[in-house]
Amino acid sequence: GQILAAPFDADAMELTGPAVPVVEGVFVSPYGYPAFSVSPDGSLIYAEGTGIGGGAYLAVGDLEGNQQILPLAPRTLWVFGPSWSPDGESIVFSSENQLYTYDVVGNTTPRQITFEGTNRAPVYSPDGTRVAFSSTRDGTDGVDLFVKDLTDDSPPTSIVTLEADHLMMQWPTDTLIVFENGTTGNADLWMVDLSDPANPEARPYLTSEANLNRIVVSPDGRLAAYRSNESGTPEIYIRSFPNAGERTVVSRGEGSIPYWSPDGRTLYYAVPGRP
């Protein structure tokens, strides 16, 4: 929550002195974004807060708007996640760049499952025994995909290394993982075939000049919902899965973050700016 300033030579493009504190107690979002800005004339505006140490609480909510705060200390959370286990009893989440599982029903101490690198977007396998996630660590060239076996203390193993960054989205079937592959603002939708665990094979599900993201596969594995800005506005679309057929637009006038209901008969999504 501290803002620092240092003298800077714009012509030489280098610092000319040490940094000094300017303001203490600036609010930092749970995702690490500080709430301040500097105007062209040098005026500073900021939101007061306790800094990133305040963190955010994990909570469970339902469609009626009821909310239960989980009995965990507040923490800094990555924007992608948490993710529920298939039995609905545990979650996996990213905090301070590491991954943790937590038994929501038993209210046990969170279990740390990664200890190096920057780890994000964890999802459970269909049987709940493994977690797939995106990670940047020694030996990776950007953000790659890893899998951690929850039945032992073995380290995570790398499963996909491609050009650009890979953001894990879902592990919908025993043999397929879906993820985003690309740079920010220009991603495609890919799959990892795990039918031969010793030789994972990555292949595109859908590519486009548009930005494709937030793919989620229906519980029966027959449909995939995703977000695309191909119309000029981010909208939610549906196609068949695992072979992408004709698209069907779901949202009208912008949509984001699609989720299937457990029975697969309803698709929920967010509409920015609306209650």
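A salt bridge is taken here as a side-chain nitrogen of Lys or Arg within 4 Å of a carboxyl oxygen of Asp or Glu. In this predicted model, R247 and E230 fit that description, with their side chains meeting at 2.0 Å, N to O. R247 sits in the loop between β23 and β24 (248-249), while E230 belongs to the loop between β22 (223-228) and β23, so this bridge ties together parts that are 17 residues apart in sequence. Neither partner is hidden away: R247 is partly exposed at 42% relative accessibility, and E230 is partly exposed too, at 32%.

As for how far to trust the picture, the protein chain has a mean pLDDT of 89, and 95% of its residues reach 70 or more. Among the elements, strand β23 (residues 235-240) comes out highest, with a mean of 97, and strand β4 (residues 20-23) lowest, with 88.

Back to the charges. Side chains of opposite charge can pair when their charged atoms come close. The total comes to four salt bridges. One of them joins D153 to R111, at 3.8 Å from N to O. That pair spans distant parts of the chain: D153 is in the loop between β15 (144-149) and β16 (157-160), and R111 is in strand β12 (residues 111-112), 42 residues away. D153 is exposed, with a relative accessible area of 73%, whereas R111 is just partly exposed, at 30%.

Another of the bridges pairs D193 with R203, with 3.5 Å between N and O. Here the link runs from strand to strand: D193 lies in β19 (residues 186-193) and R203 in β20 (residues 201-206), so parts that are 10 residues apart in sequence are tied together. D193 has 19% relative accessibility and counts as buried because the cut-off is under 20%. R203, at 30%, is partly exposed.

Now for the rings. The whole structure holds five aromatic pairs. In one of them, F133 and F146 are stacked, with 6.0 Å centre to centre and 20° between the planes. F133 is in strand β14 (residues 130-136) and F146 in strand β15, so the pair connects parts that are 13 residues apart in sequence. Both ends are out of reach of the probe or nearly so by the numbers: F133 is buried at 0% relative accessible area, and F146 is buried at 7%. Y226 and Y237 make a stacked pair as well, 5.9 Å from centre to centre with 25° between the planes. Again the partners come from distant parts of the chain, Y226 from strand β22 and Y237 from strand β23, 11 residues apart. Y226 and Y237 are both buried.

F146 has a further contact to its name. The charged end of R137 sits over the ring of F146, 4.7 Å from the ring centre.

On the outside, V22, F36, V38, L44 and Y46 make up a nonpolar surface patch of about 410 Å². Strands β5 (36-38) and β6 (44-46) each contribute at least two residues to the nonpolar patch. F36, one of the patch members, is found in strand β5. With a relative accessible area of 36%, F36 counts as partly exposed.

Methods
Residues numbered from 1 in each chain as written. Predicted model: local features only at pLDDT ≥ 70, side-chain atom pairs only at ≥ 80, totals over all residues. Heavy atoms only, no water. pLDDT = per-residue confidence, 0-100. Helix = DSSP H or I, 4+ residues; strand = E, 2+ residues; numbered from the N terminus. Buried < 20%, exposed > 50% of the residue type's maximum accessible area, 1.4 Å probe, protein only. Patch = residues over 30% accessible without salt bridge, like charges linked within 9 Å, V, L, I, M, F, W, Y side chains within 5 Å. Areas by Shrake-Rupley, 256 points an atom, 1.4 Å probe, with all protein chains shown as cover. Phe/Tyr/Trp six-rings, centres within 6.5 Å; stacked < 30°, edge-to-face > 60°. Lys NZ or Arg CZ within 6 Å of the ring centre and 35° of its normal.
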